[in-house]
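Please work through the following exercises with the model at hand. Each task is followed by a stepwise solution.

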Amino acid sequence: MTLIADLVSLHQVDSQVRALRGRLASAQNYVAMQERQRGLLHGRLEEVKSQTRQHQATAANQEAESGSVKARIETLRTQLNTSTNPKQYAAVLNELKVLQAKRDEIDDGTLAQLQKVEELQAKLVEIEKLLTERVQVLAAGNAELEICRNEVGSRLAELDLERGSAAARIPQRDRDAFNRVADLYDGEAMAELVAVDARAREYVCGVCNMELPKEKYAALASNQNAAVTCTSCHRILYISDVASAAS
Ligand SMILES: [Zn+2]
C-alpha cells in the first residue's frame, strides 16, 4: 500500500476511535453533571431541614416561656381576687396587664415561627420530590454509562489494535504530522482533493472548500508516497479513488 492509502486507513480507524471515546466521555459527563445536581439538591435539603429544626426549637422555647408567664398570670389573678388593699390591688392589676401583653407578644412570635416551619416543610416536600427525580435520572445515566462502557470498551480495544497496526505502517514523520492535524480537527485529519473542473484543472479541499493550486493535484496524482496538505487548513489530502482502493 502507498503512504496515502495507509494514511486513509489510519484516518478511518482513528475517527472511529475518537467517536467511541467521545461517546464514552459524553456519557461520563452526563452522569457527572447529574451527580453534581443531586449533590446540590441534597445540600439544599439538609439546609432546609436544619432551618426547620431551628424554627421548631424557637417555637418550643417560646411556648414554654408563654406557659410560665401564664402560670404567673394565674397566680396574680388569685391574688387579685383575694386582695383587700386597694393599693396592692392596683399594683397586681398593673402587673397582670403587663404580663398579659407580654404573653400576647410571645404567642404572636410563636405563631410566626410555626408558620415559617410550615413553609419550610412545604419546601422540603418539593426538594425531596426533585431529589427523587434526580436520583432516578442518575440511575438511568449510570446504567447507560455501564452499557456504553461495555460496548465501547471491547470495540475500543479492537480498534486501538487496528489503529496501532495502521499507524505502524506509516513513517514516524508522517505519523506525527497526521496526529497533529487529527488533534487540531478532532480526528478529521484528511480531506479529499476534489476536482471542481478537471479540464480547467480547478481543485478544492473537500473539507474547507478553499481552492487548491493545480500543483497539489499533480504532486498527489504522480506520487502516492508523499503527503500533500491543503494550503488553507493543512489537512492531508487524498484523491477519492485512492481512498476506495484502501478501504
Ligand atoms: Zn482544506
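The exercises below treat a metal site, a helix and a sheet in turn.

The model is predicted: local features need pLDDT of at least 70, side-chain atom pairs count only at pLDDT 80 or more, and totals for chains, interfaces and linings use all residues. Residues are numbered from 1 along each chain as its sequence is written, and side-chain values use heavy atoms, with hydrogens and water left out.

**Exercise 1. Determine which residues coordinate the zinc ion, and at what angles.**

Step 1. Donors are N, O and S atoms within 2.8 Å of the metal (3.2 Å for Na, K and Ca); water is not among the atoms, so sites may look incomplete. The SG atoms of C205, C208, C230 and C233 coordinate the zinc ion at 2.2 to 2.4 Å.

Step 2. The spacing of these donor residues in sequence is C-x2-C-x21-C-x2-C. C205 in strand 2 (residues 202–205) and C233, in the loop between helix 4 (214–222) and strand 4 (236–238), are 28 residues apart, and the pair links distant parts of the chain.

Step 3. The 4 donor atoms subtend angles of 102 to 118 degrees, so the arrangement is tetrahedral (four donors with all angles between 85 and 135 degrees). The ideal angle for four tetrahedral donors is 109.5 degrees.

Step 4. C233 has a relative accessible area of 6% and is therefore buried (under 20% relative accessible area, with a 1.4 Å probe and protein chains only). C205 is buried as well.

**Exercise 2. Compare the expected span of helix 2 with the distance between its end C-alpha atoms.**

Step 1. Helices are DSSP runs of H or I with at least four residues, strands are runs of E with at least two, and both are numbered from the N terminus. Helix 2 covers residues 86–168, which is 83 residues.

Step 2. The expected span is 1.5 Å times one less than the number of residues, which gives 123 Å for helix 2. The end C-alpha atoms are 114 Å apart, which agrees.

Step 3. At the N-terminal end, N85 caps helix 2, with a side-chain oxygen 2.9 Å from the backbone nitrogen of K87.

**Exercise 3. Establish the strand order of the open sheet.**

Step 1. Two strands pair if DSSP finds at least two bridges between them. Strand 1 (residues 190–197) pairs with strand 4 in the parallel sense over 3 bridges, and M190 stands opposite I236.

Step 2. Strand 1 pairs with strand 2 in the antiparallel sense over 4 bridges. The bridge partner of L193 in strand 2 is C205, a zinc donor.

Step 3. The 4 strands have the order 3-2-1-4, with mixed pairing. Strand 3 (211–212) and strand 4 each have a single partner strand, so one side of each is left without a neighbour in the sheet.

Methods
Tetrahedral: all angles 85-135°; square planar, octahedral: opposite > 155°, others 65-115°. Buried < 20%, exposed > 50% of the residue type's maximum accessible area, 1.4 Å probe, protein only. Polar contact = N/O pair within 3.5 Å; in protein donor to acceptor, adjacent residues only side chain to side chain.
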